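Here is a set of questions on how the descriptive terms used for one model follow from its computed values. Each answer sets a value against its definition.

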Amino acid sequence: MSDSVAASGHRDGSVKFWSIRDHTLLHEVKNVHDDVVSSVNYMPYDGNTLITSSKDHTVKLVDIRMLKVLQTYENEHYYNTSDTSQIGVSPAGRYLALGSKNGKLSIMDIQKDKGTGGVEDIFVK
């Protein structure tokens with residue numbers, strides 16, 4: 001959430017942006033995910049990028065200025081079956097911590113991704 005805009009994820013895979021001042025819908029990005037959006041966080045390094053997770057087992061970076069998905073991340077250890085979840089994001093936005101249905105904790109270095117979306121874990125426990 002920024003000082004003026006809040007973001008929310010929805011069952012249909014969309015992400016919506018809301019005005020905090022007047023409580024109105026500002027924008028909707030449809031088809032961000034193929035299933036329930038379970039987590040939405042602003043990335044700490046700017047107020048223009050969201051990180052989302054979903055029951056479609058992907059994590060996505062969304063540009064809120066251009067209203068589009070910038071990158072999709074997948075990982076063999078990340079298996080999300082929950083309608084709600086939480087992504088831990090490091091202060092610089094480099095590392096993501098994700099819990100998985102299989103009981104694993106995955107910590108991913110998303111800066112190591114070279115555009116393929118196949119992020120390797122740096123830690124799995």
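Q: Why is His-23 called exposed?

A: The model is a predicted one, in which local features need pLDDT of at least 70 and side-chain atom pairs count only at pLDDT 80 or more, whereas totals for chains, interfaces and linings use all residues. Residues are numbered from 1 along each chain as its sequence is written, and side-chain values use heavy atoms, with hydrogens and water left out. Buried means under 20% relative accessible area, exposed over 50%, and partly exposed in between, with a 1.4 Å probe and protein chains only. His-23 has a relative accessible area of 65%, and therefore counts as exposed.

Q: What makes His-57 partly exposed?

A: The relative accessible area of His-57 is 23%, so this residue is classed as partly exposed. His-57 is placed in the loop between strand S5 (49-54) and S6, where strands (E, at least two residues) are DSSP runs numbered from the N terminus.

Q: What is the sign of phi in His-23, and what is it in His-57?

A: Phi of His-23, a residue other than glycine, is positive, near 65 degrees, and His-23 sits in the loop between S2 and strand S3 (25-29). For His-57, phi is near 70 degrees, again a positive value in a residue other than glycine.

Q: How do you know that Lys-16 has no salt bridge?

A: A salt bridge is a side-chain nitrogen of Lys or Arg within 4 Å of a carboxyl oxygen of Asp or Glu. For Lys-16, which is buried, the nearest side chain of opposite charge is Glu-28, at 4.3 Å, and no salt bridge is found; in this count Lys and Arg are positive and Asp and Glu negative, while His and the chain ends are not counted. Lys-16 nevertheless touches Glu-28, since contact means heavy atoms within 4.5 Å.

Q: Which residues does Ala-7 contact, leaving aside neighbours within four places in sequence?

A: Ala-7, in strand S1 (residues 5-9), is in contact with Lys-16, Phe-17, Val-40, Tyr-42 and Leu-50.

Q: Why do strands S4 and S7 stand at the edges of their sheet?

A: The open sheet has four strands in the order S4-S5-S6-S7, with antiparallel pairing. Strand S4 (37-42) and strand S7 (68-73) each have a single partner strand, so one side of each is left without a neighbour in the sheet.

Q: How do you know that S6 and S7 pair?

A: Two strands pair if DSSP finds at least two bridges between them. Strand S6 (residues 59-63) and S7 are joined over five bridges in the antiparallel sense, and Val-62 stands opposite Val-69 in S7.
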